[in-house]
Amino acid sequence: MEVKGLAMGLQLGASLSVLLLLGACADAGARETPVPLSSPIAMADANKPTISFQEWVKGFRVEALKAGISADVFDRAFRGVTPDPEVVAADQSQPEFTKAVWEYLGSALSDKRVATGKQLIAERKALLDRIEQTYGVPRETVVAIWGLESGYGQFQGSMNVVRSLATIAYEGRRPEFGRSQLIAALKIIQAGDIAPDAMLGSWAGAMGQTQFIPTTYQIHAVDFDGDKRRDIWNSVPDALGSTAQYISHSGWKSDEVWGGEVRLPKDFDYAQADMSVKQPISYWAAKGVVPAAGGKFPAREYPLEASILLPAGYRGPAFIVTENFRAVLAYNASTSYALAVCLLSDRFNDRGTLMADWPLSERPLARAERVELQRLLTEAGFDTGGIDGIIGYNSRKAIRAYQVKHKLPADGYPTASLLARLQSQ
Ligand code: CA
């Protein structure tokens, strides 16, 4: 859906903070919006609408009718709708502090979430058999996404989606996103899938048990219980079928692994540990990368293209991740999220417990510190491709170049000690 290049998926710290704010939802767009450099006040002014909401609705109605929405559906969906101050506040908020990846995983992989998932896998066996046969996505992966997106359907968001999207279109930071999602939402209502007042979701328009935004729903949602309606809110078969279809559309290959924890050799070149570097598993095996649990990679996995991922830098656990991991990233372009889904799916089979320790003494940099790190790197001649507080591909590249120059392990990972070193120079 809204995944704009993998670089976005690799902003570990930055994506995580917004992830936690929104809850995990299939709305990479909302989550990955770069944070503008200008002050929040200037930003708010820039979004200040010049016309009243009623005038805006009048104009948008013309656009919607041109797009094929009937006047009756439009007027029914917009009856009594006003801008939602909660949406405006959420849209403007820029979380300063981020959770460490191990804290996020700790809650994502809680004993309770694992136990509930196991129980649901047993209870829903017939449905999950049919989903696996239809889409080739393992039941554990589908149920893990369900568990992370909506707590297995318990937390779907209770905001009126038309109202939220209209607010974003009228005075949000991403009016274009709001408009296109709103048109898609009206089409869903027009198709009779859901009544306007039952179309509930997150402030950013992520809906139902799958947390699909309307455009994702339009392409990937499926009626899996055969009642002619795609109901991702109330029908578990529809929700899980839709999740599996989306993951399948995103490139999941049945009978292939997602990857797992690995051990890197002492002389490993950390600059290669990046999602932009893809090599067959045989290549990594030849470099001395081995499964963390011991033994060797099975020969049948040798041809799979894979990357090495260090979610907390070279001091923390290392993972090998295949194209199936990237299919999960399509759902939510955060590598922490995809790791949570994949590890949770393993936990359902009593696997996926990590061997290596997390570097608990490190803390994630706050937004202001990330900005400072980017500024200092740029001043020192290591181009971070802008100073926005988001550690994406260019920032990691700049950190690596700095680390290589100073003979540090080139993992491209932003730490407090790296910042302190730059500050003292
Ligand atoms: Ca249905």
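Is D255 buried or exposed in this structure? I shall answer that shortly, after a word on the model itself.

What you see above is a predicted model, in which local features need pLDDT of at least 70 and side-chain atom pairs count only at pLDDT 80 or more, while totals for chains, interfaces and linings use all residues. Residues are numbered from 1 along each chain as its sequence is written, and side-chain values use heavy atoms, with hydrogens and water left out.

To the opening question: D255 counts as exposed, at 81% relative accessibility. Here buried means under 20% relative accessible area, exposed means over 50%, and partly exposed lies in between, with a 1.4 Å probe and protein chains only. D255 sits in the loop between helix 14 and strand 3 (259-263). Its phi is positive, about 70°, although D255 is not a glycine. Most residues other than glycine have a negative phi. Q211 also has a positive phi without being a glycine, at about 55°. Q211 lies in the loop between strand 2 (200-201) and helix 13, and Q211 is buried, with a relative accessible area of 4%.

Let me now place these elements in the whole. The protein has 20 helices and 7 strands. These are DSSP runs numbered from the N terminus, helices being H or I of at least four residues and strands being E of at least two. Of the 425 residues, 55% are buried. The protein exposes about 17700 Å², and carbon and sulfur atoms supply 54% of that area. The areas come from the Shrake-Rupley method with a 1.4 Å probe; for residues, only the protein chains shown count as cover. Turning to contacts, meaning heavy atoms within 4.5 Å, we take those between residues at least 6 apart in sequence: 69% of them join residues at least 24 apart.

Next, the metal site. Which residues coordinate the calcium ion? They are D223, D225, D227 and D238 through OD atoms, with D238 listed twice, and R229 through its O atom, at 2.2 to 2.9 Å. Donors are N, O and S atoms within 2.8 Å of the metal, or 3.2 Å for Na, K and Ca; water is not among the atoms, so sites may look incomplete. Along the chain, the donors follow the spacing D-x1-D-x1-D-x1-R-x8-D. Within this set, D225 and D238 link distant parts of the chain: D225 is in the loop between helix 13 (214-220) and helix 14 (236-249), and D238 is in helix 14, 13 residues apart. D225 is partly exposed, with a relative accessible area of 36%, whereas D238 is buried at 0%.

Helix 13 also holds H220. At 9% relative accessibility, H220 is buried. Leaving aside residues up to four places away in sequence, H220 touches F212, S242, Q245, Y246 and H249.

Finally, strand 6. How many of the residues of strand 6 are buried? In strand 6, residues 305-309, 4 of the 5 residues are buried, and the strand is mostly covered. Two strands pair if DSSP finds at least two bridges between them. Strand 4 (residues 279-280) runs antiparallel to strand 6, and 2 bridges join them. P280 has E305 in strand 6 as its bridge partner. Strand 6 also pairs with strand 7 (residues 318-322), again in the antiparallel sense, over 4 bridges. On that side, A306 stands opposite T322 in strand 7.
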